[in-house]
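Here's a quick tour of this protein, starting with one helix and working outwards. Have a look at the model first.

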Amino acid sequence: MSNKKQLRIGLVGTGFMGRTHSNGYNRVPNFFPDLEYTPVLKAVCSRNKEKVQAFADQWGYESIETDWKKLIAREDIDAVDICTPNDMHAEIAIAAANAGKMILCEKPLARTLAEAKPMVDAVEKAKVKNTVWYNYRRLPAVTLAKQIIDSGKLGKIFHYRANFLQDWTISADVPQGGTAAWRLDAEAAGSGVTGDLLAHCIDTAMWLNGGIKDVSAVTETFIKERFHQLTGKVEKVGIDDACIFHCHFENGSLGLFESTRYARGHKALYTFEINGEKGSLRWDLHDLNRLEYFDHGDDGTVRGWRSILVTDGDQPYMGNWWVPGLIIGYEHSFIHQVADFLKSLQEGTECHPNFRDAYETQKVCEAVIASAKSRSWQDTGVEWIEK
Ligand SMILES: NC(=O)c1ccc[n+]([C@@H]2O[C@H](COP(=O)([O-])OP(=O)(O)OC[C@H]3O[C@@H](n4cnc5c(N)ncnc54)[C@H](O)[C@@H]3O)[C@@H](O)[C@H]2O)c1
């Protein structure tokens with residue numbers, strides 16, 4: 001029996017993210033043994049009793065619930081982890097905050113800015129610890145990019161560009177609504193690629209390069225009608241299938257962002273590049289351990305892009321893994337987020353991005369959609385100070 005302090009988790013949602021988070025809770029004690037806290041998988045909730053029991057058995061949860069309200073009411077739960085589709089984040093988070101629970105909520109914070117505001121108010125009023133799973137920040141190469149930028153090695157920043165490209169909705173036969181297809185249903189998702197994919201790019205971008213001031217966007221819905229699994233009818237598609245926007249950052253640099261689910265051949269190609277006066281960085285999710293760095297200060301005879309395999313013990317997070325040269329994967333970003341959440345408990349600090357930070361990302365998403373709709377530039381109103 002561990003003598004560590006316990007963080008008793010109640011997880012809601014047993015799909016893709018339910019699995020990544022459960023893996024995170026299970027792995028942290030093995031790889032971050034110095035933390036004072038340890039996660040305890042107290043309960044998991046989803047609506048189908050047999051399925052949720054099978055999930056509990058597979059991942060090691062002590063008990064199950066089929067009603068998230070019962071999970072929140074339980075006294076043996078310290079933190080509620082929200083892994084449901086976007087339309088349920090607000091209701092669950094506000095109820096959890098009112099019950100005094102800590103909250104780890106999946107992204108995007110909500111479907112709209114209006115829906116997100118009472119979530120921020122609720123956690124701040126209840127003073128409960130909160131975080132949002134913008135997990136890409138916690139890949140070692142991305143964290144190293146942050147350290148390089150903050151050290152001033154790139155100098156004044158001129159450009160930031162990011163892509164998130166997929167191809168899984170090209171067929172008109174892909175339905176909308178219900179299990180596995182809620183992302184295509186505007187009612188459940190809020191938006192399409194903007195909230196689903198660009199929200200990640202925006203979170204990383206503002207973390208690395210500061211606030212986004214204003215945006216000009218274009219969106220497209222290539223397939224206008226799809227069969228809706230919940231209504232049983234062919235219905236109008238309300239989400240953005242693709243989105244391109246450009247923007248000004250507070251620091252004077254220009255941003256260019258593109259996301260689509262119609263880039264044939266690309267499954268989850270998240271890339272970013274940042275160009276400064278003294279140097280540049282670029283990163284690609286499909287080669288996630290690697291950070292490319294160009295330093296204009298290098299001797300001219302050897303100057304060129306360096307390819308840094310981020311696996312050394314003195315690089316972010318890697319001291320907790322294998323030996324230099326051995327790579328880690330996508331799932332580690334979630335393990336790191338759990339570890340950082342536990343560390344923030346022990347240190348009494350915030351675990352960024354919290355609801356307030358994610359609200360700023362939501363402002364950009366909202367401005368992007370409004371810009372595309374009105375065919376005009378939109379101010380975001382972002383106040384990017386992580387606090
Ligand atoms: N951080 C990331 O990189 C990342 C990646 C994928 C998804 N997400 C986010 O995670 C969330 C979940 O996405 P997913 O891909 O895991 O979806 P999913 O469809 O795989 O899983 C959703 C789960 O929610 C459950 N659920 C739905 N309604 C429920 C209810 N009333 N009560 C209890 N459970 C309910 C479903 O049964 C299912 O288990 C979304 O907000 C999504 O945007 C984040």
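Start with helix α2: the cover over its buried residues includes α1, β2 and β3 (63-65). This is a predicted model, so keep that in mind as you read. The buried residues in question, on a helix that spans residues 49-59, are V52, F55 and A56. Looking down the axis of α2, you'd see them fall within an arc of 100°, so they line one face of the helix. On the face turned away from that buried side sit E50, D57 and Q58, which are exposed. Right after α2 comes G60, with a positive phi near 95°.

Now zoom out. The protein splits into domain 1 (5-135) and domain 2 (137-379), and their C-alpha centres are 23 Å apart. Where they meet, 36 residues of domain 1 are in contact with 36 residues of domain 2. On the domain 1 side, α1, β2 (37-45), α5 (113-126) and β6 (130-132) each chip in at least two residues. Helix α1 has the largest share there, with eight residues.

Helix α1 (residues 16-31) turns up again at the ligand, where it gives the most to the surrounding shell, namely three residues. That shell counts 22 residues, of which G13, G15, F16, M17 and E106 come nearest.

Here's the make-up of the two residue sets:

| Residue set | Nonpolar | Polar | Charged |
|---|---|---|---|
| Shell around the ligand | 10 residues | eight residues | four residues |
| Side of domain 1 that touches domain 2 | 21 residues | nine residues | six residues |

Terms used
Residues are numbered from 1 along each chain as its sequence is written. This is a predicted model: local features need pLDDT of at least 70, side-chain atom pairs count only at pLDDT 80 or more; totals for chains, interfaces and linings use all residues. A residue is near a molecule or strand if its C-beta atom, placed from the backbone, lies within 6 Å of it. Helices (H or I, at least four residues) and strands (E, at least two) are DSSP runs, numbered from the N terminus. Ala, Val, Leu, Ile, Met, Phe, Trp, Tyr, Cys and Pro count as nonpolar, Asp, Glu, Lys and Arg as charged, and the others, Gly among them, as polar. Domain bounds come from an automatic or database domain assignment. Two residues are in contact if their C-beta atoms, placed from the backbone, lie within 7 Å. A residue is buried if 20 or more other C-beta atoms lie within 10 Å of its own, exposed if 12 or fewer, and partly exposed in between; C-beta atoms are placed from the backbone. The arc is that of the directions from the helix axis to the C-beta atoms.
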